[in-house]
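Here's a walk through a structure you may not have met before. Have the sequence and the 3D view ready, and let's take it piece by piece.

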Amino acid sequence: MRSALVITAHPDDVDFGAAGTVATWTAAGIKVSYCVCTSGEASGDDSEDRTEVARIRKAEQRAAAECVGVQEVTFLDYPDGAVVASLELRRDLTRIIRTVRPDRVLTWSPEINWEHVPTTHPDHRAVGEAAFAAVYPDARNPHAHPELLADEGLRPWVVPELWIKDGPAQLRNHAVDVTDVFDARLAALRSHASQVSGFPDLEGFLRGILTEQARRHGLADGRLAEEYQVVDTR
């Protein structure tokens, strides 16, 4: 493992779901890059200017990334709340994959998590579907989006491993112990002040989720974990 790419729909998705895992990767010397498909402009109340909301949310995501050792954050600026798994999005994600050339991609599930519907935002599922298609087969196929090779010189790349977040519970087959990086993980989430300022006990909320995930995977009492469906894509 030399590099990993995290593909999300919105600013803050990675920090609600996977920032602890990212922190363990960067601590191990793995270079992690983020690709955020929207700017999160469809949040806040009606009185706020959408352009300003997008600016704030991008700044918050960059600050959060720094908390867990990530320096490279790319925004694709697709419309928040209206993402579809189009060929255009697949092409843009293929471009990112061929540029970053990651050994691992982490993204959100294209399936519905019926146990916790708020994580199953349509944008999340559309990004997950497009990211999966970009990993397999688009990024590795020289005939997919041929302009990327002909015009931009981006050669095919095989991503051997796909990590999927927030899929159906029965498909989650791997947990990452994030106990030792919890402070950095919490700082990353707190960087999204526009989204989390209303939480009365953000730390308690987060600990509760991570404690339950650790319990489901048999970790010792007091440990905290993030869980995934890990897929071999070779």
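**Salt bridges, sheet and helices**

Let's start with one pair of side chains: Glu 52 and Arg 55 come together in a salt bridge, at 2.6 Å from N to O. Keep in mind that this is a predicted model. Both residues sit in helix 3 (residues 50-67), and they are 3 residues apart, about one turn of the helix. Glu 52 is partly exposed, with a relative accessible area of 33%, and Arg 55 is partly exposed too, at 48%.

Now zoom out to the sheet. There are 7 strands in an open sheet, in the order 3-2-1-4-5-7-6, and the pairing is mixed. Strand 3 (72-78) and strand 6 (174-177) are at the edges with a single partner strand each, so one side of each has no neighbour in the sheet. From one strand to the next, the twist averages 25°.

How do strands hold on to each other in general? Strands of a sheet pair through backbone hydrogen bonds, in either a parallel or an antiparallel way. Here, strand 1 (residues 3-8) and strand 4 (residues 104-108) pair in the parallel sense, over 3 bridges. If you want a spot to look at, find Val 6, which stands opposite Leu 106 in strand 4.

Next, the helices that lie across these strands. Helix 5 (residues 122-135) lies across strand 1, strand 2 (31-38), strand 4 and strand 5 (161-165), and it runs at about 155° to strand 4. Helix 9 (residues 202-216) lies across strand 5 and strand 7 (225-232), running at about 55° to strand 7.

Stay with helix 9 for a moment. Within helix 9, Glu 203 and Arg 207 are 4 residues apart, about one turn of the helix, and their side chains meet in a salt bridge of 3.1 Å, N to O. Glu 203 counts as partly exposed at 30% relative accessibility, and Arg 207 is partly exposed with a relative accessible area of 34%.

What about a link between helix 9 and strand 7? The side chains of Glu 227 and Arg 216 form a salt bridge (2.3 Å, N to O). Glu 227 belongs to strand 7 and Arg 216 to helix 9, so this pair ties together parts that are 11 residues apart in sequence. Is Glu 227 buried or exposed? At 3% relative accessibility, Glu 227 counts as buried, while Arg 216 is partly exposed at 39%.

That pair also belongs to a network of salt bridges linking Arg 172, Glu 212, Arg 215, Arg 216 and Glu 227. Across the structure, there are 19 salt bridges.

Note on methods
Residues numbered from 1 in each chain as written. Predicted model: local features only at pLDDT ≥ 70, side-chain atom pairs only at ≥ 80, totals over all residues. Heavy atoms only, no water. Pairing = 2+ DSSP bridges. Helix = DSSP H or I, 4+ residues; strand = E, 2+ residues; numbered from the N terminus. Axes fitted to C-alpha atoms, helices over the stretch in contact; angles between N-to-C directions. Contact = heavy atoms within 4.5 Å. Salt bridge = Lys/Arg side-chain N within 4 Å of Asp/Glu carboxyl O. Buried < 20%, exposed > 50% of the residue type's maximum accessible area, 1.4 Å probe, protein only.
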